[in-house]
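Me: I'm new to this one and would like a walk through it. Can you put it up so we can chat about it?

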Amino acid sequence: EKRRMPLQYKIMILAAGLIALVLILVGSLVVHNVINQVEDEVGVRAMDIGRLVAQDPTAQAAILSEHPAAVLQPYAERWRHITGAAFIVIANMNQIRLSHTLPENVGTPMADLYREPVLRGQEFIYVGKGSLAPSLRANVPVWSPDGQGQIGIVSVGFYLSEMYRKAFDEVKQVVYVLLAALVCGLIGAAWLARNVKKAIFGL
């Protein structure tokens, strides 16, 4: 005859399973919210940097000059180091890079990514992978000093790996607390099952 699982073990497994399920759901929600918050913060930061560069008369004048890269490459790299961005790419309306994190890419066409909105004068944020690692990017149009027309675009990016590392650092303490709660829950489930057995006189 097949031996049935003791009631004590059934109660312990049920209680432990419910505790683990609740903690996993709570942990997933916390991690999801933190990642979204970090993405929003980085997106706003990238957009602010892009606007500062796009509205700077120095960048506007350089794009219209005969040798724009001579000014824009050191200019963009200086801004990149100050802000901590992964890259700040300035390009003309032909999507030719006038600055880039990798100097050898200056003067070459930008990666074939969807950027139609910014070419029509609209700011937008997206996640993409061009010649560099996957990143969250803010694209901002650059207008001529007289405001009569668009003369270029600025793309500011932050690597996704850095964003997720930051998110993990923020949720790390929460994860430790949830793990401690899980251990306590498992101990509590075992105690509950044992006391139930005593309450029914070991039956």
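**The nonpolar surface patch**

Reply: Let's start on the outside: V31, V175, Y176 and L179 make a nonpolar surface patch of about 320 Å². Keep in mind as we go that this is a predicted model.

Me: Which element gives the largest share of the nonpolar patch?

Reply: That's α5, with 3 residues. V31, on the other hand, is found in helix α1.

Me: How exposed is V31?

Reply: V31 counts as partly exposed, because its relative accessibility is 30% and that class runs between 20% and 50%.

Me: OK, let's go inside. Which residues of the largest nonpolar core touch the most other members?

Reply: The core has 30 residues, and the ones with the most contacts to other members are I63, L72, I88, I90, V154, V156 and F158. Plenty of elements chip in: α1 (7-54), α2 (57-63), α3 (68-83), β1 (87-92), β3 (135-143), β4 (150-159) and α5 (160-199) each bring at least two residues.

Me: And which one supplies the largest share of this core?

Reply: Helix α1 does, with 8 residues.

Me: Pick one of those core residues for me. What does V154 touch?

Reply: If you skip residues up to four places away in sequence, V154 touches G50, V53, A54, I88, V89, I90, A138, N139, V140 and V142.

Me: Which residues are in the second core?

Reply: F87, L119, F124 and I153 are among them; that core is separate and has 11 residues.

Me: Switching topic. How many salt bridges are there?

Reply: The count comes to 5. One of them is between E41 and K166, where the closest N and O atoms are 3.8 Å apart.

Me: Where do E41 and K166 sit?

Reply: E41 is in helix α1 and K166 is in helix α5, so this pair ties together parts that lie 125 residues apart in sequence.

Me: Are those two buried or partly exposed?

Reply: Partly exposed: E41 has 36% relative accessibility, and K166 has 37%.

Me: What about R51, which residue does it pair with inside its own helix?

Reply: That would be D48. R51 and D48 form a salt bridge with their closest N and O atoms 3.8 Å apart. They both lie in helix α1, 3 residues apart, or about one turn of the helix. R51 is partly exposed at 34% relative accessible area, and D48 is partly exposed at 38%.

R51 also meets E123 through their side chains, in a salt bridge of 2.8 Å from N to O.

Me: Where is E123 in the chain?

Reply: E123 is in the loop between α4 and β2 (124-128), while R51 is in helix α1, so to speak a link between distant parts of the chain, 72 residues apart. E123 is partly exposed too, with a relative accessible area of 36%.

Me: Which residues end up in one network?

Reply: D48, R51 and E123, joined by salt bridges that share partners.

Me: Now E77. Is it buried or exposed?

Reply: E77 is buried, because its relative accessible area is 14% and the cut-off for buried is under 20%. E77 is found in helix α3.

Me: What is E77 in contact with?

Reply: Leaving aside neighbours within four places in sequence, E77 is in contact with H100 and T101.

Me: Last stop, the loops. What is the phi of Q95?

Reply: The phi of Q95 is near 60°, a positive value in a residue other than glycine.

Me: Why bring that up?

Reply: Because most residues other than glycine have a negative phi.

Me: Where is Q95?

Reply: Q95 is in the loop between β1 and α4 (116-119). Q95 is partly exposed, with 22% relative accessible area.

Me: What else is in that loop?

Reply: G107 is found in the loop between β1 and α4 as well. G107 counts as partly exposed, at 49% relative accessibility.

Me: How far is G107 from Q95?

Reply: They are 12 residues apart along the chain, and their C-alpha atoms are separated by 9.6 Å.

Me: And which residues does G107 contact?

Reply: Not counting neighbours within four places in sequence, G107 is in contact with I96 and R97.

Key. Residues numbered from 1 in each chain as written. Predicted model: local features only at pLDDT ≥ 70, side-chain atom pairs only at ≥ 80, totals over all residues. Heavy atoms only, no water. Core = buried A, V, L, I, M, F, W, Y, C linked by side-chain atoms within 4.5 Å. Buried < 20%, exposed > 50% of the residue type's maximum accessible area, 1.4 Å probe, protein only. Helix = DSSP H or I, 4+ residues; strand = E, 2+ residues; numbered from the N terminus. Contact = heavy atoms within 4.5 Å. Salt bridge = Lys/Arg side-chain N within 4 Å of Asp/Glu carboxyl O. Patch = residues over 30% accessible without salt bridge, like charges linked within 9 Å, V, L, I, M, F, W, Y side chains within 5 Å. Areas by Shrake-Rupley, 256 points an atom, 1.4 Å probe, with all protein chains shown as cover.
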